[in-house]
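Biologist: Hi, I've just opened this one and don't know my way around yet. Could you walk me through it?

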Amino acid sequence: MAVTAVPGMVGGRQPLPWMRKLEDERWLAFTLLLPTAILLGLFIAYPFVEGIFLALSDARVGDPGHFVGLKNFAKLWDDSIFWTSVWNTFWYTAVTTVFKLALGLWLAMLLNRHFRGKAIVRAFILLPFIIPTVLSTFAWKWMFDPTFSVINWTLFNLGFIKARINWLGDPSLAMTSIIVVNIWRGVPFFAISLLAGLQTISPELNEAAAIDGARPWARFWLITWPLLLPVTMVVMLFSVIQTFADFQLVYVMTGGGPANATHLFATYAYQIGIGTGLLSQGAAVSLAMFPFLFLIVVIQLLYIRRVEVR
Amino acid sequence: MLKPKRRSVIKLAGSAAAVASTGMAGILASGRTPAYAQQKTVHWLRWVDFVPASDQLWRKELVPQAEKELGMKINIETVNGNDLQPRTTAAIQSGSGPDLIMAFNNTTYIYANSVVDLTDLAEDLSKREGGIFKYCRSFCSDGKIFMSMPWAVPGAMISYRKSWLEEAGATNGFPKTWQEYRTVGKKLKAAGHPIGQTLGHTFGDAPTFTYPYMWSWGGKEVEQDGKTVAINSKETIESVKFMTDFWKEAHDEGALAWDDTNNNRAFLSGTISATLNGASIYIEASRKPDTYQTEKGKPMKDDIQHSPLPAGPAGQFGMHLMQSTMLMKYSKNQDAAKQFLKWVHTEKNYEKWFLSQKGYSTPCTAKWEEHPLWKQDPVMAPFKVAARLGQAPGFAGLPNQKAAEALSKYIVTDMYAKAVQGMPAEESVKWAESELKKIYSA
Amino acid sequence: MIEGAVWRKWVFYNIPLILFVFVLLFPFYWMIITSFRPDGELYRPWNAVNYQPFWTNKPTLEHFVYLFEETDFGQWMINTMFIAVTSTLISLFCGVLAGYALARLNFPFAGSLGTVIFVTYLVPQTLLFIPLAEIIRNFHLGDTPWSLILTYPTFLIPFCTWLMMGYFKAIPKELEECARIDGASRFKAMVYIIVPIAVPGILSAGIIAFTLSWNEFIYALVFLSSPEEKTVAVGVTSELIRGDVFFWGSLMAGALLGSVPVAIVYSFFVEHYVSGLTGSVKG
């Protein structure tokens with residue numbers, strides 16, 4: 001990334017009039033933001049407003065309905081399945097994020113050194129992240145299948161279990177199984193991004209600390225972790241958003257069953273909106289996700305800002 | 001009156017953009033320009049058939065033939081059965097999409113506002129073919145209009161291993177009552193091959209078991225008025241209690257969250273002795289007799305038989321997946337689509353498809369019960385009467401929108417699933433009652 | 001950096017790493033085995049005597065043959081690739097420009113605009129896809145790759161923008177100022193000085209954007225209808241899951257073939273992604 005060889009930068013032609021306009025920061029900013037604004041305005045702002053209207057109406061499929069105010073939300077307030085999905089979503093997001101971060105960081109540290117086949121390992125570790133979720137979830141479903149589970153076979157033959165484990169049939173285990181798959185999918189993303197962060201930390205810092213007699217654990221907490229924090233927060237932010245709104249994984253794995261034990265916001269919204277055609281209520285469930293998510297994200301953003309200022 | 005206005009604004013913006021950016025429009029149009037500008041195109045969305053041969057038949061034979069005879073272009077699209085609903089919803093809301101869409105069960109009532117009345121076609125079919133069964137009629141017609149054209153019923157019957165049931169004492173054919181079934185099931189489980197039945201969130205095998213099971217004990221969701229929730233009855237509680245013990249004693253307890261596919265695999269692998277399913281297990285076993293074998297090394301297909309669900313104190317019931325075809329209101333080719341629909345329901349064309357199903361699907365009219373196909377294979381014979389004996393969800397009311405909502409929320413299924421997981425019977429029934437009340441009082 | 005005996009290296013580095021690799025890649029091994037297994041072996045319960053989870057004695061190619069002869073799998077791969085690449089490029093273009101503006105230019109409401117762009121990322125897809133279907137109709141984009149190419153950026157741009165903002169902020173202001181003293185316009189300073197430095201950031205945003213669009217399911221399911229227009233995820237699930245019969249072998253073969261080529265491409269980029277980033281921040 002050399003700065004020296006920049007063609008035609010000094011002297012040269014007289015800039016065109018519109019180019020001169022771009023010298024004004026505001027015009028330049030406006031121009032640069034324009035494509036984004038058009039795309040997002042068209043494909044998000046309008047549908048989003050439409051979605052809000054939907055949630056405030058009693059629309060069902062093929063029937064625009066009337067404005068009913070907050071009635072759909074009042075209904076949700078009394079809906080036990082809704083609260084189950086709220087709780088599930090929080091639990092799911094919290095547990096997976098903690099594990100993804102811890103394991104991702106660990107993996108990143110393991111990868112952050114020289115060994116043979118480094119490039120191949122790094123690339124192949126990304127596989128769980130690359131493969132279309134729907135398809136990898138089918139593979140997991142097959143591995144969890146009570147009748148064919150290779151996991152049960154392994155545990156049994158290693159002597160850990162006496163009878164099979166009913167991975168997806170038991171309500172709490174079903175959630176755990178889904179969490180496991182999500183972690184499996186997310187760790188590579190964390191690891192590679194954190195690895196990128198780790199490499200920006202100059203090894204001299206660590207070496208200096210080592211010479212001063214700091215133990216590895218102290219070196220990690222006092223040097224690596226603070227320097228890694230900004231990257232970590234950004235990665236976590238995106239992961240939390242993705243996980244909170246997760247749909248495909250649960251949809252394929254359990255469809256929200258057994259007995260609604262694994263419903264998340266998105267799957268429940270889908271079941272109501274698409275399954276029963278009550279578009280307005282489905283939209284209300286989707287929309288109810290928004291303030292929760294917004295709150296989490298604001299907290300994270302504020303924290304990031306604090307970290308950056310420091 | 002806010003809505004239409006906003007819509008038209010977007011529409012305006014849309015056409016403006018389309019005009020402005022001829023570049024992109026050009027790209028979009030390339031290869032898509034109606035090569036059949038003068039010709040009508042009918043887009044038909046169906047599920048991917050359980051029987052692959054039937055999809056082949058459509059693509060390679062019937063569709064080209066129809067195109068030639070009717071002088072139109074026909075796009076046949078197949079998707080996974082689970083994905084029909086999002087497609088239908090999006091199509092209706094955006095006012096464009098397939099002209100003909102396959103509907104499952106009472107989803108017809110969900111889309112009732114957006115379909116074209118097919119009474120003339122349906123009644124004509126009914127007259128020609130000896131009457132549409134009540135079961136099929138109740139899904140397709142709300143008493144005023146035909147929301148869809150009855151297509152067929154892939155029946156749900158218990159597939160079971162003859163030899164294993166005989167070993168367990170069922171010497172006079174399949175058990176006739178739940179009590180008998182439970183006694184046999186206990187021995188089956190003790191012998192290491194229990195009954196497999198899902199109580200999970202899956203559109204096929206779970207409700208087709210739980211609804212008829214409840215009815216056979218005398219339980220019902222609502223009274224005939226279609227308003228009064230009646231599920232919290234002595235009969236329902238009795239059925240839940242029985243199910244809880246029956247489950248523990250005779251069922252594969254891993255099956256709680258099975259989807260529609262798990263029991264097929266479990267059965268074909270020889271781990272379960274009986275399961276409620278379509279004929280797909282038998283069809284798969286006959287397709288590959290060398291692959292699926294019994295523990296004695298004989299083809300498994302020769303050891304499979306089908307039976308309706310056993311009877312309870314209140315009688316014997318069945319509920320099957322009902323498929324029908326909706327003609328969508330937004331369609332610009334309604335006449336052509338009707339023409340095509342009429343064409344496929346012509347006896348000689350429909351028969352080709354019917355034969356390719358080998359009994360997997362039972363047609364909705366009486367005439368087909370006479371068809372020689374049912375005599376060819378005694379194993380498939382029980383499916384002959386599937387459509388005649390079925391009862392629709394929402395009983396004793398209509399299988400209307402509310403019943404469809406209850407069905408898609410898996411309330412009846414979850415009632416049993418909760419009890420099986422340890423919730424007291426009274427409580428789980430009360431839970432179902434409160435959920436149903438929310439639906440029926442709205 | 002590693003002090004001490006060889007055993008420490010194994011306990012603290014090699015063994016954990018091997019475990020990680022094993023767990024992360026086991027499902028793929030499982031897919032490979034499943035896609036080469038004859039159907040008969042697929043239907044053996046876990047407690048059967050002849051259950052061979054990790055090996056098969058009679059590998060077969062029939063599932064792959066089925067995939068290519070009976071479905072449009074090749075076409076789906078091309079579609080998915082085209083859609084993912086194009087929507088990634090569009091999103092990167094928008095994201096880099098917007099990220100630059102938000103991170104390095106002074107203008108009113110810069111902060112709140114950044115937040116608004118970010119908030120759009122939070123809007124759940126389940127809420128959007130039905131209203132979006134209407135827009136797709138109005139633009140006559142239904143059943144064309146453009147219906148996805150233009151809608152995927154809605155969740156890619158916010159992401160790219162934010163990532164790029166982070167990278168741009170880390171680049172010292174002086175770099176641009178030097179260039180401007182040398183007579184370059186703002187625009188040129190951006191294109192020739194700042195953007196090249198941010199290439200690693202662009203690469204990593206691109207990798208993630210590409211993956212997200214490669215994975216997408218709902219939009220692809222709803223907006224596309226012809227078999228030959230479908231993407232891998234939608235095509236495979238809609239042709240190989242027939243009611244209650246899964247074509248396991250072909251399904252897994254499709255999943256594998258749908259991810260391995262991308263992994264190979266990634267093996268080139270990952271090194272750039274990781275090591276390049278170092279350079280940019282050190283600047």
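Modeller: Happy to! Let's begin where two chains meet: 42 residues of chain B are in contact with 33 residues of chain C. Keep in mind that this is a predicted model.

Biologist: Which parts of chain B supply the side that touches chain C?

Modeller: Five elements of chain B each supply at least two residues there: helix 1 (2-20), strand 2 (73-79), helix 4 (84-94), helix 12 (262-268) and helix 13 (280-287). Helix 4 of chain B gives the most, with six residues.

Biologist: And how do the residues on that side of chain B divide?

Modeller: On the side of chain B that touches chain C, 18 are polar, 14 nonpolar and 10 charged.

Biologist: Okay, does chain A meet chain C too? I mean, how many residues of chain A are in contact with chain C?

Modeller: For that pair, 85 residues of chain A are in contact with 89 residues of chain C. Helix 2 (residues 25-55) of chain A gives the most to chain A's side, with 17 residues. That side of chain A divides into 67 nonpolar, 12 polar and six charged residues.

Biologist: What secondary structure does chain A come to?

Modeller: Chain A comes to 14 helices and zero strands. The C-alpha atoms of chain A fill a box of roughly 70 × 60 × 35 Å along the principal axes. Its radius of gyration is 25 Å, while a compact globule of 310 residues would have one near 19 Å.

Biologist: What about chain C, how many helices and strands there?

Modeller: Chain C has 15 helices and two strands. The C-alpha trace of chain C spans about 75 × 70 × 30 Å along its principal axes. For chain C the radius of gyration is 24 Å, against a value near 19 Å for a compact globule of 283 residues.

Biologist: Back to chain B. What's the strand order in its open sheet?

Modeller: Chain B has an open sheet of six strands in the order 2-1-3-9-4-10, with mixed pairing. Strand 2 and strand 10 (361-363) of chain B each have a single partner strand, so they stand at the edges with one side lacking a neighbour in the sheet. From one strand to the next, the twist averages 30°.

Biologist: How does strand 10 of chain B pair with strand 4 of chain B, parallel or antiparallel?

Modeller: Antiparallel: strand 4 (residues 149-154) of chain B and strand 10 of chain B pair over three bridges. If you want a spot to click on, Ser361(B) in strand 10 of chain B is the bridge partner of Pro154(B).

Biologist: Nice. Which strands of chain B does helix 14 lie across?

Modeller: Helix 14 (residues 334-344) of chain B lies across strand 1 (41-47), strand 2, strand 3 (100-104), strand 4 and strand 9 (323-327) of chain B. The helix runs at about 155° to strand 9 of chain B.

Biologist: One last thing: at what angle do helix 3 and helix 15 of chain B pack?

Modeller: Helix 3 (residues 52-70) and helix 15 (residues 347-357) of chain B pack at about 150°, with their axes 8 Å apart. Because that angle is over 145 degrees, helix 3 of chain B is roughly antiparallel to helix 15 of chain B. Their crossing is right-handed.

Biologist: Which residues meet there?

Modeller: From helix 3 of chain B come Ala53(B), Ser54(B), Leu57(B) and Leu62(B), which meet Asn349(B), Lys352(B), Trp353(B), Ser356(B) and Gln357(B) in helix 15 of chain B. The residues of this contact divide into four nonpolar, four polar and one charged.

Conventions
Residues numbered from 1 in each chain as written. Chains lettered and ligands numbered in written order. Predicted model: local features only at pLDDT ≥ 70, side-chain atom pairs only at ≥ 80, totals over all residues. Contact = placed C-beta atoms within 7 Å. Helix = DSSP H or I, 4+ residues; strand = E, 2+ residues; numbered from the N terminus. Nonpolar A, V, L, I, M, F, W, Y, C, P; charged D, E, K, R; others polar. Axes fitted to C-alpha atoms, helices over the stretch in contact; angles between N-to-C directions. Parallel < 35°, antiparallel > 145°, perpendicular 65-115°, else oblique. Left-handed = near helix turned anticlockwise from the far one by under 90°. Pairing = 2+ DSSP bridges. Rg over C-alpha atoms; globule rule 2.2 N^0.38 Å.
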